[in-house]
Amino acid sequence: MALMLLTSTSAVAQFPDDVRLERFPDASTTFEQPIAIRAPDDDSGRIFIVERCGTIRIVDKDGTVRAKPFLSVDTRCDNEYGLLGMALHPRYASNGLF
């Protein structure tokens, strides 16, 4: 059996000229190791930010980050450990399951 490895000649990621990174929701916002962003289909305009060390924060439609986390779990977050994602139920608006 032959194993073939295809590699790019460039080790540097290249982005289109019109792509830029910005802090969300504004330039003063800082999250601790954010690893995911989710938006429930519930017409609230909220955004859930998942932080690797066990916190899920809510950013309201107006860009305000709520002081109280949506969820906070005690977890290891060294090496590859931590809270690694979040999934919202397709009917989250009616059942609140995530």
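Here is a friendly conversation about a predicted model of a protein chain.

Visitor: How many helices and strands are in the protein chain, and what pattern do they follow along the sequence?
Guide: Let's start with the overall plan. The chain has 1 helix and 4 strands. Read along the sequence, these elements give the pattern β-β-β-β-α.

Visitor: In what order do the strands lie in the sheet?
Guide: The sheet is open and contains 4 strands. Their pairing is antiparallel, and the order is 1-2-3-4.

Visitor: Which strands stand at the edges of the sheet?
Guide: A useful clue is the number of partner strands. An edge strand here has a single partner, so one side of it is left without a neighbour in the sheet. That description fits strand 1 and strand 4 (71-72).

Visitor: How many bridges join strand 2 to strand 3?
Guide: Let's walk across the sheet. Strand 1 (residues 34-38) pairs with strand 2 in the antiparallel sense over 4 bridges. Strand 3 and strand 4 are also antiparallel, joined by 2 bridges. Between strand 2 and strand 3 (residues 55-59), again antiparallel, the number of bridges is 5.

Visitor: Which residue in strand 3 is the bridge partner of isoleucine 49?
Guide: You can follow a path through the strands here. Isoleucine 37 has isoleucine 49, in strand 2, as its bridge partner. Going on into strand 3, isoleucine 49 has as its bridge partner arginine 57.

Visitor: Which residue in strand 4 is the bridge partner of threonine 55?
Guide: Try another path, beginning at glutamate 51. Opposite glutamate 51, in strand 3, stands threonine 55. The next step leads into strand 4, where the bridge partner of threonine 55 is serine 72.

Visitor: Which residue in the turn of the hairpin has a positive phi?
Guide: The hairpin is formed by strand 2 and strand 3, with 3 residues between them. In that turn, a positive phi of about 110° belongs to glycine 54.

Visitor: Is glutamate 51 buried or exposed?
Guide: Glutamate 51 is found in strand 2 (residues 47-51). Among the residues it touches beyond four places away in sequence are Phe31, Pro34, Arg57 and Leu83. Its relative accessibility is 4%, and because buried means under 20%, glutamate 51 counts as buried.

Visitor: How many of the residues of strand 2 are buried?
Guide: Look at both faces of the strand. Ile47, Ile49 and Glu51 point one way, while Phe48 and Val50 point the other way, and all are buried. Strand 3 is mostly covered too, with 4 of its 5 residues buried. For strand 2, the number buried is 5 of 5.

Visitor: How many residues make up the largest nonpolar core?
Guide: In soluble globular proteins, nonpolar side chains tend to be buried together. In this model, the largest nonpolar core includes Ala36, Phe48, Ile56, Leu83 and Tyr92. Strand 2 and strand 3 each supply at least two residues of this core. In all, the core has 8 residues.

Visitor: Which residues are in contact with phenylalanine 48, leaving aside its neighbours within four places in sequence?
Guide: Phenylalanine 48 is one of the residues of the largest nonpolar core. Some of its contacts belong to that core as well, including Ala36, Ile56, Ile58, Met86 and Tyr92. The rest of the list is Ile37, Arg38, Pro40, Arg57 and Phe70.

Visitor: Is arginine 66 buried or partly exposed?
Guide: Arginine 66 is found in the loop between strand 3 and strand 4. Leaving aside neighbours within four places in sequence, its contacts are Arg46, Arg57, Ile58 and Asp60. Because its relative accessible area is 34%, between the 20% and 50% cut-offs, arginine 66 is partly exposed.

Visitor: Which strand gives the largest share of the lining of the largest pocket?
Guide: The largest pocket has a volume of about 180 Å³. Its lining includes Glu22, Phe24, Thr30, Pro34 and Ile49. The largest share of the lining, 4 residues, comes from strand 1.

Visitor: What percentage of the accessible surface belongs to carbon and sulfur atoms?
Guide: Let's finish with the whole chain. Of its 98 residues, 19% count as buried. The accessible surface comes to about 8,000 Å², and the part belonging to carbon and sulfur atoms is 53%.

How values were computed: Residues numbered from 1 in each chain as written. Predicted model: local features only at pLDDT ≥ 70, side-chain atom pairs only at ≥ 80, totals over all residues. Heavy atoms only, no water. Buried < 20%, exposed > 50% of the residue type's maximum accessible area, 1.4 Å probe, protein only. Contact = heavy atoms within 4.5 Å. Pairing = 2+ DSSP bridges. Core = buried A, V, L, I, M, F, W, Y, C linked by side-chain atoms within 4.5 Å. Areas by Shrake-Rupley, 256 points an atom, 1.4 Å probe, with all protein chains shown as cover. 1 Å grid on protein atoms, 1.4 Å probe; cavity = no way out; pocket = protein on both sides within 12 Å on 5 of 7 lines; lining within 4 Å. Points joined across faces, edges and corners; volume = space filled by probe spheres on them.
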